[in-house]
Amino acid sequence: MKLEITYDHNDNKMVNEENPMRFITAAVATLALTVGAQVATAAPIEIKFSHVVAENTPKGQMANKFRDLVAERLAGKVVVNVFPSSQLFGDNKVLEAMLLGDVQMAAPSLSKFQKYTKSLQIFDLPFLFKDMDAVERFQQGPAGQKLLGSLANKGLVGLGYLHNGMKQLSASNELRVPADAAGRKFRIMTSDVLQAQFEAIDAVPLKKPFSEVFTLLQTRAIDGQENTWSNIYSKKFFEVQPFITESNHGVLDYLVVTSAEFWMELDDGLKADIKKALDEAIAFGNGVAADKGVSDKQAIIDSRRSQVVSITDAERSQWVDAMKPVWKQFEGQIGADLIEAAVAANK
Ligand code: LMR
C-alpha cells in the first residue's frame, strides 16, 4: 500500500488521502501481529528437574525451593517443573536424557557418575570422611571445587553439591561385625567402589535402581542395602528391614548438574539469576538434610518397626579394617592427591 499523507487544514490532522480508515486499520493490525508474534516467541524457558527421591527429602525439598524461587523472581522468563520419585527418569537414565535435551537439571547421587568421570568415585570410599562437616570442608575447598568441572568434557556442568548425609546399613539380620554380612545380598548404586566395599566383607553386591529397592527388600530378593536416614524413612525401607546398623560408613551426597549445551545458550544475566536461586535452594536443602538426619532417624526408632543397632568402637574398627583396603584398589583411578585432600578435611 502506497502511503500518501497530506495535512487536512480543516481537521488539523494527518490523513491518508486514499482511505484514511483503511490505513489506520492496517497499521493497527500489523502492530498487533508483530506484538503477538513477540509474545508467542517469548514463552518461558522450561527447566525440567528430574529426581528419584520423595518430596519430603533434602533433594526433594531443594528442588521444590528452586522451583519456587525461580517462579518468584523469573516469572515469564523461566519455569522449573520438578519430577520426583523417578516419575520422569531413573538416575541411571537421567544423564543420557540430559545430553539429549529431554531434561535440563538433575541431582544424582555422586555414586552415579562413574560412566562420566572416575574422580567423583572419591565420595564412595568407605570411612573416608568422619562426618558431614568434613564432607562440606572438602567440597568447598579447592579440590572439591575443581571436581565440579570434572564432567566438562562429557557435556555436563556441575553446578553445586547438595548434602543428604552419612549412610547406614539396613538388613534382615542384625549386623554388628562384617562377618554378619558375609554371603548376604546388598543392593548398591551403580558404583564399582561400592561393589568393592561389599566384596571386601564377603557380601554380594547388586547394582539396582533406587525405584526397585523397596520391592526387592520386601520380597526378600535381597537382604539389605545402604542409605541415609532420610531415604530409609521416606521410602519406607525401615518397614521391611528389621535392623539398621548405625555405621556412618560412607557419604551420600549429590551433584546438581545441567547440560553444557543448555547452560551455554542462556544469556549471562539469566544464568546468574538461575545460579543464585539454585545456590539458595541448595543452602536450604542442606539445612533440611541436617534436620532429617536427626528427625527421620528418630521417627524410625519411634515406629518400632526396625531396631537401630549401635555398634561399639571395637566392632566399628572391624568394619574399618575390612573395608579400608578399597582405597588402595581405587587410588590409581581417583588419584592419591585427591584422597589426601579428603583425609585432610577431617581435621
Ligand atoms: C540411591 O539410589 O540409593 C540414592 O542415590 C537415591 C538418592 O537419590 O538419594
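## Exercises on two pockets, a helix and a buried serine

In this predicted model, the residues that line the second largest pocket divide into four nonpolar, four polar and three charged.

**Exercise 1.** Work out which residues line the second largest pocket and which element gives the largest share of that lining.

*Solution.* Begin with the residues themselves: the lining consists of E136, Q140, Q145, L148, L159, G160, Y161, K275, D279, I282 and N286. Next, assign them to elements, where α4, β6 and α10 are those that give two or more residues to this lining. Of these, α10 provides the largest share, with four residues. The space in this second largest pocket comes to about 160 Å³.

**Exercise 2.** Describe the largest pocket by its volume, by the residues closest to its centre and by the elements that supply its lining.

*Solution.* The volume is about 290 Å³, and of the 19 lining residues, M132, N164, G165, A289 and G293 are the closest to the centre of the pocket. Turning to the elements, α4, β6 (156-166), α8 (229-234) and α10 (268-303) each supply at least two residues of the lining, and the largest share, six residues, comes from α10. By residue class, the lining of the largest pocket divides into five nonpolar, nine polar and five charged residues.

**Exercise 3.** Explain how the buried and exposed residues of helix α13 are arranged around its axis.

*Solution.* First locate the buried residues, which in α13 (residues 336-344) include L338, I339 and A342. These residues cover an arc of only 100 degrees around the axis, and therefore lie on the same side of α13. Then look at the other side of the helix, where D337 and E340 are exposed. Finally, ask what lies over the buried residues: the cover includes α4 (132-140), α5 (142-147) and α12 (326-334).

**Exercise 4.** Decide whether S170 is buried or exposed, and set out which residues surround it.

*Solution.* Start with the position of S170, which lies in strand β7 (residues 168-171). Its relative accessibility is 0%, and because a residue under 20% counts as buried, S170 is classed as buried. Leaving aside residues up to four places away in sequence, S170 touches F186, D223, G224, Q225, Q241, F243 and I244. Among these contacts, Q241 deserves a separate step: the side chain of S170 makes a polar contact with the side chain of Q241, at 2.7 Å.

Notes
Residues numbered from 1 in each chain as written. Predicted model: local features only at pLDDT ≥ 70, side-chain atom pairs only at ≥ 80, totals over all residues. Heavy atoms only, no water. Buried < 20%, exposed > 50% of the residue type's maximum accessible area, 1.4 Å probe, protein only. Arc of directions from axis to C-beta. Contact = heavy atoms within 4.5 Å. Polar contact = N/O pair within 3.5 Å; in protein donor to acceptor, adjacent residues only side chain to side chain. 1 Å grid on protein atoms, 1.4 Å probe; cavity = no way out; pocket = protein on both sides within 12 Å on 5 of 7 lines; lining within 4 Å. Points joined across faces, edges and corners; volume = space filled by probe spheres on them. Nonpolar A, V, L, I, M, F, W, Y, C, P; charged D, E, K, R; others polar.
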